[in-house]
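Visitor: Please show me the model, and let me ask how each label is earned.

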Amino acid sequence: MKFDTVIIGGGLAGLSCGIRLAEAGRRCAIVSQGQSAIHFSSGSFDLLGQLPDGTPVEDPAEGIAALEKCAPEHPYARIGAQACERYAEAARKLLCEAGIPVSGSPRRNHYRITPLGMAKPTWLTIDGYLTTPSPEVLPFRSVCIVNVEGFLDFYPEFIAEAFRRHGVSCRFASVNSPDLENIRRNPSEMRSANIARVFDHEQNLDRLAARIREAARECEAVILPAIIGINRSDAFEVLKAKVDLPLYLLPTLPPSIPGIKAQQALQHRFRALGGEYFLGDSVLSAEVEKNRVKSIRTVNHGDIPFEAEAFVLASGSFFSRGLIATPDRIVEPVFGADTDFVPNRTEWYTEHFFDRHNYEAFGIRTDRSLKLLKEGSVMENLYGIGAGLSGFHPVQEGCGAGVSLISALFVADRILNSLKS
Ligand SMILES: Cc1cc2nc3c(=O)[nH]c(=O)nc-3n(C[C@H](O)[C@H](O)[C@H](O)COP(=O)(O)OP(=O)(O)OC[C@H]3O[C@@H](n4cnc5c(N)ncnc54)[C@H](O)[C@@H]3O)c2cc1C
């Protein structure tokens, strides 16, 4: 099979790169072995929340400019501050055009509210989710926190405790319906995705709206876990109209409805642009000649190679098995590409869970144009994007989605420009 570009990994990075290339008319394939980190998404996309020394970032574009000096190996610093700001705006547009309605600016972080009620800085949030311009102030003085009876992946008490610290009075309510009784018979079925399917039905939305109206009387707003609209994109708007009070969603523990929907929307957009998405297939190996990848081979396609002019590795980090930790090395399993890590394993992590651990910044080594290296030589047509890149701490710096989106668009441009020259 012949393509212009083959992308290994269909998470946020791989799909965004594929969409950009397909928009430009390139024949593009994505091979992806399974679920990606976006399935676990909070509904917000982080750009930069903290500098490596812990300094909070209000203006991510300014923070990225500071990284050029204090963290020159950071993917943002490699791409350059001005280009990052340009790609950030292009990424927002790409998400919206794919049907993921997000709001936010690379010039000012807003705050999303976590499943435990804490405020975290972020860049883009999907419409409908509770956000606030300042971590100290919520957009209401009284709120009704509604949960589904028996749903254990959402914690109204924790949320209320955090909200009360900001002077918000909280009331609780729970909802039930005969259709929920069916899934409640097996406690392991009481997950957000199954509950959301129940509320795709009009009569259950009606029942939910009636219960909210009754419970939230005299409250300024209503909080609901993200259990609305898995197969029906208008469900939240319909519910809002029926409730007639400001209604906000909060993320739940996984599975994440906003994440599942975002993944589906990106896949749909890529396919609609003519891209070929091979889900459930794994790339096993590559044929390389004189620092150029000729083809890759996958589990499902056996002897049939995928040939292309350019290849993009978007296989993620340890979470997605894009990187493997052996007792003494960090391995990139498909190409055997060079990786950045500290050799002494005792320095990989500390005993404190919330520390800035060295292993988080381990990843594939690239040059300034994000081409991979193998045994010290640059691979001419193989690029790396997303969570598998080295040089950044997605959790501590709050930059996971931003690195995936921006590196994806940067590499797409490099590939398109290389074709022009
Ligand atoms: C649980 C979790 C939750 C997160 N939540 C957020 C959040 O809410 N906001 C935020 O800003 N950031 C979040 N992040 C950070 C996250 O890393 C990025 O947001 C981003 O989604 C990563 O996308 P990616 O495409 O680079 O990698 P991934 O999402 O890891 O995708 C890699 C893909 O490659 C596939 N793959 C791997 N190896 C192969 C192979 N050999 N052949 C074929 N396919 C392969 C995998 O199956 C996977 O689908 C989260 C991270 C995790 C782990």
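Visitor: Which residues come nearest to the ligand?
Guide: This is a predicted model. In it, 34 residues surround the ligand, and those that come nearest are Ala37, Ser42, Val283, Ser320 and Ala387. To belong to this shell, a residue needs a heavy atom within 4 Å of the ligand.

Visitor: What makes the approach of alanine 37 to the ligand a polar contact?
Guide: A backbone N or O atom of alanine 37 lies 2.8 Å from an oxygen atom of the ligand. The limit for such a pair is 3.5 Å, so the pair qualifies. Aspartate 46 also uses a polar backbone atom, at 2.9 Å from an oxygen atom of the ligand. With serine 32 the N or O atom belongs to the side chain, and the distance to a ligand oxygen is 3.2 Å. Both of these values also fall within 3.5 Å, so they count as polar contacts.

Visitor: How much of the ligand's accessible area does the protein cover?
Guide: On its own the ligand has 1,000 Å² of accessible area, and the protein covers 86% of that.

Visitor: Which elements give two or more residues to the shell?
Guide: They are helix H1 (12-23), strand S2 (28-32), strand S3 (44-45) and helix H12 (400-420). The largest share, three residues, is from H12. By class, the shell holds 14 nonpolar, 18 polar and two charged residues.

Visitor: What makes S3 and S7 a pair?
Guide: S3 and strand S7 (residues 124-126) are joined by two bridges in the antiparallel sense. Pairing requires at least two bridges, so S3 and S7 qualify. Serine 44 stands opposite threonine 125 in S7.

Visitor: Why are S3 and S4 called edge strands?
Guide: The open sheet has three strands in the order S3-S7-S4, with antiparallel pairing. S3 and strand S4 (102-103) each pair on one side only, and that is what the name edge strand records.

Visitor: How many cavities of 30 Å³ or more are there?
Guide: The count is two. The largest has a volume of about 40 Å³, and the second largest holds about 30 Å³ of space.

Visitor: What makes Ser44 a lining residue of the second largest cavity?
Guide: A lining residue has an atom within 4 Å of a cavity point. Ser44 is listed in this lining, along with Ser42, Arg112, Ile113, Thr125, Tyr129, Leu130 and Pro251. By class, the lining divides into four nonpolar, three polar and one charged.

Methods:
Residues numbered from 1 in each chain as written. Predicted model: local features only at pLDDT ≥ 70, side-chain atom pairs only at ≥ 80, totals over all residues. Heavy atoms only, no water. Polar contact = N/O pair within 3.5 Å; in protein donor to acceptor, adjacent residues only side chain to side chain. Areas by Shrake-Rupley, 256 points an atom, 1.4 Å probe, with all protein chains shown as cover. Helix = DSSP H or I, 4+ residues; strand = E, 2+ residues; numbered from the N terminus. Nonpolar A, V, L, I, M, F, W, Y, C, P; charged D, E, K, R; others polar. 1 Å grid on protein atoms, 1.4 Å probe; cavity = no way out; pocket = protein on both sides within 12 Å on 5 of 7 lines; lining within 4 Å. Points joined across faces, edges and corners; volume = space filled by probe spheres on them.
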